[in-house]
Amino acid sequence: MNQVEETIKALRAALQEHNYRYYVLDEPVISDYEFDMKLKELQQLEALHPEFDDPASPTHRVGGGITKAFDTVVHDHPMYSLDNSYSREELVEWEQRLQRLLGGVEIAFTCELKYDGASINLTYENGVLIRAVTRGDGVQGDDVTTNVKTIRSIPLRLQGVVPERFDVRGEIILPLEGFARMNQERVENGEDPYMNPRNTASGSLKLQDSSLVATRPLDCLPYGMVGRNLGVDTQMEMLERMRGWGFKVPETARLCPNIEAVLDFLAEWDTRRHELPFETDGVVVKVNSLQQQQELGFTSKSPRWAMAYKFKSEQALTRLEHISYQVGRTGAITPVANLQPVLLAGTVVKRASLHNADQIAKLDVRLGDMVFVEKGGEIIPKITAVDLSQRPPDSTPVQYISNCPECNTPLERKPGEAQHFCPNDTGCPPQITGRIQHFISRKAMDIEGLGGETVELLFKEGLIADYADLYTLEAEQLTPLERMAEKSATNLVQGVRESVKIPFERVLFALGIRYVGETVAKKLARAFRDIDALMAASQEALMAVDEIGERIARSVLDFFANPVNRELVERLRGYGLQFSLSAEQLEGQTDLLQGQTFVVSGVFETLDRNELKKRIEDNGGKVASSVSSKTTYLVAGANMGPSKRAKAENLGVPILSETEFLELLGEASPGA
Ligand code: AMP
Ligand code: ZN
């Protein structure tokens, strides 16, 4: 093996280990930064040496592969569903049935929580993940391998001795915390929040861009495996074996020697489930012995040896009166069920979410139906089923709207997205007021004296049609409005006037460019320094900015390609808003290092590493993580790794000391 190959292999092994410690054991031993540096080094080496490609390399976790259409794959072993039971009595009856079938022997069970996500089949060959397929109809599903490889808790290569070829079955879930974080980011970026973790998890698997999947905090919780020579005799051993190979098997599974112990498990988790970091809607009880499982076999739909027990969630039966459609500020349409008011878990429920057109079709809810409403993890209750016995005889399936309820524009639906959209972003009222509300929000222009409801009022009264109009408001126009005292009117106008001092990066965020959240706005402002440079930037120039990918770059281009938006910018500029970095922000910023790439390594005396990097960036230079032929200088401090130095010397990259670096900027270090 030559040296490069050895380095590559060592990096892969180290990254695999650190990944496992972080995402499966939750016990990291190195910092995120160190991890990223190692990963970048591996990426660069792999790019230079494609001959050492490995489908199990940790670099696949970053994504990048695009799947235009997912191939249909027939499962080696069908993926069954589970029989459900809703009461302890039913479960006891099931156990008695099993007793009869097996001839009166003792039956031990494994109880696992029922994870609420999307099921996945992972095929491993010689210890390497070769394919990941969704359950689909149970016989065949979609090949989502590229996307699944980005899920950090799924081992790409297994540890230890493994069967030659076998399948692992598990559930892809979005933990509650990650889901909440994703939604918070979406709201900040001006996007509508996702409805629930389960749909978001299964939707994520079908995204075309795997690098997008990589940004979602998905997890995989395995619950079984199929194949030959698995080397285990019980379900419990199966779970332990998978854990040993590097899977994140929840510790909540328990071996229950008899049905009484199973009932205890159910009672315990009925309350404790709320402590879990993910959603569960029940328990899956499985006969522990694989020998007994084999004797029991399958019905056409499900294994006889397993039973799902659904936790009771409080539910109510009521009539669906009509469906209304809400338009979010990004144009996303959400259907809402308007119900005959009913008492559920202590509150009167009048509305329930229907999520999207697919959900309506799946439930086949119709106007006038009696429907079951439940409160799950979500804030608004949802409809879980229709009581068909009470369906009005003349009912017809719901026709989903084809035009926007607010502006009548024909709706659009992008491939792979569940939601319909109103594309009329500049003329659709809730989208307009939504954008203005974002503009005035705390992290954006933070306009004092103006709130969301007032925005709606001003819009309805025809006083504002976009956010630039705010700057034309006069107190005299406002006082005739309902609930607008003279004092509030002057405060509002005053607040608007003051907002012209808000710095460029926040103005940029306030514009409401899709995917340009607070952080991205900061990065863009720093990189381009003023709006003219930003508006003139090409896609390449945008993507050259740290952490700006194609999706964001496109969105920025689209935004400024629209004359309506350009005019808004010009008007705002006319009203005196900040469209460039202030002298203060620009202080210390030069173009001295333009076009130069630096690698920083070791420990420094006068500046710490982050200050040094900031200094490089402030002066127009770029910081890279590892030395390559593209490196202009290696800035070396004390205790720098010998491999970096050797590499720089090999490639003829000049090495600078801290003092030499400061001299490059025309500064002398204080000590020198
Ligand atoms: P159902 O979709 O109701 O028929 O339930 C079957 C599905 O439950 C399987 O396809 C799995 O995706 C999912 N599931 C979640 N947790 C488990 C578990 N611990 N054991 C087996 N299946 C599970
Ligand atoms: Zn509309």
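**Exercise 1.** State the spacing along the chain of the donors of the zinc ion (ligand 2), then name these donors and describe their arrangement.

*Solution.* Step 1: along the chain, the donors of the zinc ion (ligand 2) follow C-x2-C-x14-C-x5-C. The model is predicted, with pLDDT of at least 70 needed for local features and 80 or more for side-chain atom pairs, while totals for chains, interfaces and linings use all residues. Residues are numbered from 1 along each chain as its sequence is written, ligands are numbered from 1 in the order in which they are written, and side-chain values use heavy atoms, without hydrogens and water.

Step 2: Cys404 (SG), Cys407 (SG), Cys422 (SG) and Cys428 (SG) coordinate the zinc ion (ligand 2) at 2.2 to 2.4 Å. Donors here are N, O and S atoms within 2.8 Å of the metal (3.2 Å for Na, K and Ca).

Step 3: the arrangement is tetrahedral because the four donor atoms subtend angles of 99 to 114 degrees; four donors count as tetrahedral if all angles lie between 85 and 135 degrees.

**Exercise 2.** Describe how domain 1 and domain 6 meet.

*Solution.* Step 1: by an automatic or database assignment, domain 1 spans 3-62 and domain 6 spans 597-664. Their C-alpha centres lie 22 Å apart.

Step 2: five residues from domain 1 and four residues from domain 6 take part in the contact (heavy atoms within 4.5 Å).

Step 3: about 450 Å² is buried between domain 1 and domain 6, 43% of it from carbon and sulfur atoms. Buried area is the accessible area (1.4 Å probe) that two parts lose on being put together, summed over both.

Step 4: between domain 1 and domain 6 there are zero salt bridges (a side-chain nitrogen of Lys or Arg within 4 Å of a carboxyl oxygen of Asp or Glu).

Definitions and conventions
Tetrahedral: all angles 85-135°; square planar, octahedral: opposite > 155°, others 65-115°.
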